[in-house]
Each structure stands twice: as C-alpha cells, then as structure tokens.
Amino acid sequence: QPDGMAEYAFNWRDVLGLSNAAPLRLSVSMQKDAPPVPDLPGLPRETALLVSDVLHIRAEASDDFGVRDLGLTWDVVSDTPMTESFTSEVKIMPPTSRVKKAAKVFLWSPRAFRIPADSTVELQGYARDFLPERERSRTAPHRIRVLSPEEHAELLREQLEEVMARIEDVT
C-alpha cells in the first residue's frame, strides 16, 4: 500500500473443527531502514594534548537492524612546512549482525599514530549498518591540537595567569 500500512485478518480451523471466534487482526506498518547513529560521548569538541598523551575515546553507535562497524577516522594537518597531511582510522566489527548497540573505548595517542607535534587533528566517529551502498554515518568533527612540550608549557602558563587574575579579582 502507498502509505506503508497493511492490515491482515487471520482465521483458522483445527483438526477437531474448532476455530477462532473472531478473526485475529494484525496491522503492519512499514518504514525505511534508518542510518546508524554514531556518538563520541565525553570527548570535547576542541582539546589539546602532548604527543606522548593518550586519550580514552568512547565511541558508541546504534542502529535499528544492526551495526556493521564502528570506528574513528581522522585527518592530520601539520603546521610544519614540507610535512604532508594524511588520513587514518581505527575500527571494530561486532561479532554478529544482530548487535543493535555497539560501544568501544579506543586508546588514541599521537605518538602511536605517528602524528607530529604542531599538528591539528580533525577526528570523527563513524558507524555503518548492513544496508548495501550506504555511506558511513559520522559524528560532528572534534579538533585535537597536538602540542610540543614548549607549546604545552606556554598553554599552562596562560591558564595559570588566567586563574591568578581571577583570584586577584576575588580578593
């Protein structure tokens, strides 16, 4: 039917000749498969860290029929001249096709993925379901600034100055 609704009536008679008193009515509503919904809860939209730091990034995805895979993808742009930009990713695949909610905590470190200091990373979570030819569903981008020890020290100094100025205002 054009509106996606169908009605069925069931009647039966058993070997003894007994039947149902009234037909069993069943309404069926059809809807299109929705894309999966990925999320990176707890990850700030903008953050900064040292090359040696490790982020624990929780990725989650849900789908009405089943999550095919779930992962992180990122693009790296270096401030250093003559250094090429690159894209990389990590992912998991649930053990069966019937997993409707999947989650994984990825350990993400600039050093482990050979991301140099003075780089900006645009990271997104993604998920796919089993509908053929469907593109990945993606989260909003999260920006991660990879700092050198000198940049990190300067950032800490600026934050400390802000705190000291607030304390001075209060006193």
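What share of the 171 residues of the protein chain counts as buried? In this predicted model, the residues that count as buried make up 28% of the 171 in the protein chain. The protein chain exposes about 11800 Å², and carbon and sulfur atoms supply 55% of that area.

**Overall form**

The protein chain holds one helix and eleven strands, and, read from the N terminus on, its elements run β-β-β-β-β-β-β-β-β-β-β-α. Its radius of gyration is 26 Å, whereas a compact globule of 171 residues would have one near 16 Å. The C-alpha trace spans about 90 × 50 × 30 Å along the principal axes of the protein chain. Of the contacts between residues at least 6 apart in sequence, 66% join residues that are at least 24 apart.

**Strand β11 and its partners**

Strand β11, which covers residues 142-147, pairs with strand β4 (residues 46-50) in the parallel sense over five bridges, and strand β9 (residues 119-129) pairs with β11 in the antiparallel sense, over five bridges. In the first of these pairings, Leu-49 stands opposite Val-146 in β11, while in the second Leu-123 stands opposite His-142 in β11.

Leu-49, which is found in strand β4, counts as buried because its relative accessibility is 4%, and buried means under 20%. Leaving aside residues up to four places away in sequence, Leu-49 touches Leu-55, Pro-110, Ile-144, Arg-145, Val-146 and Leu-147. From C-alpha to C-alpha, Leu-49 lies 24 Å from Arg-166 in space, and the two are 117 residues apart in sequence.

**A nonpolar patch on the surface**

Where on the protein do Tyr-8, Phe-10, Trp-12, Leu-24 and Leu-26 form a nonpolar patch? These five residues form the patch on the surface, where together they have about 520 Å² of accessible area. Strands β1 (5-10) and β2 (24-29) each supply at least two residues of the nonpolar patch. Tyr-8 is found in strand β1 and is partly exposed, with a relative accessible area of 43%.

**Salt bridges**

A search of the whole structure finds eleven salt bridges, among them the three listed here.

| Salt bridge | Closest N to O distance |
|---|---|
| Asp-129 and Arg-134 | 2.6 Å |
| Glu-154 and Arg-157 | 2.3 Å |
| Glu-162 and Arg-166 | 4.0 Å |

In the salt bridge between Asp-129 and Arg-134, Asp-129 is buried, with a relative accessible area of 3%, whereas Arg-134 counts as partly exposed at 23% relative accessibility. Asp-129 and Arg-134 are also linked with Asp-33 in a network of salt bridges.

Glu-154 and Arg-157 both lie in helix α1, which covers residues 149-170, and they are three residues apart, about one turn of the helix. Glu-154 counts as partly exposed at 33% relative accessibility, and Arg-157 counts as partly exposed at 37%.

Why are Glu-162 and Arg-166 separated by about one helical turn? Glu-162 and Arg-166 are separated by about one helical turn because they are four residues apart in helix α1. Glu-162 is partly exposed, with a relative accessible area of 47%, while Arg-166 is exposed, with a relative accessible area of 53%.

Key. Residues are numbered from 1 along each chain as its sequence is written. This is a predicted model: local features need pLDDT of at least 70, side-chain atom pairs count only at pLDDT 80 or more; totals for chains, interfaces and linings use all residues. Side-chain values use heavy atoms; hydrogens and water are left out. Patches are made of residues with over 30% relative accessible area and no salt bridge: like charges are joined within 9 Å, nonpolar side chains (Val, Leu, Ile, Met, Phe, Trp, Tyr) within 5 Å. Accessible areas come from the Shrake-Rupley method with a 1.4 Å probe; for residues, only the protein chains shown count as cover. A salt bridge is a side-chain nitrogen of Lys or Arg within 4 Å of a carboxyl oxygen of Asp or Glu. Buried means under 20% relative accessible area, exposed over 50%, partly exposed in between (1.4 Å probe, protein chains only). The radius of gyration is taken over C-alpha atoms; the globule rule is 2.2 Å times the number of residues to the power 0.38. Contact means heavy atoms within 4.5 Å. Two strands pair if DSSP finds at least two bridges between them.
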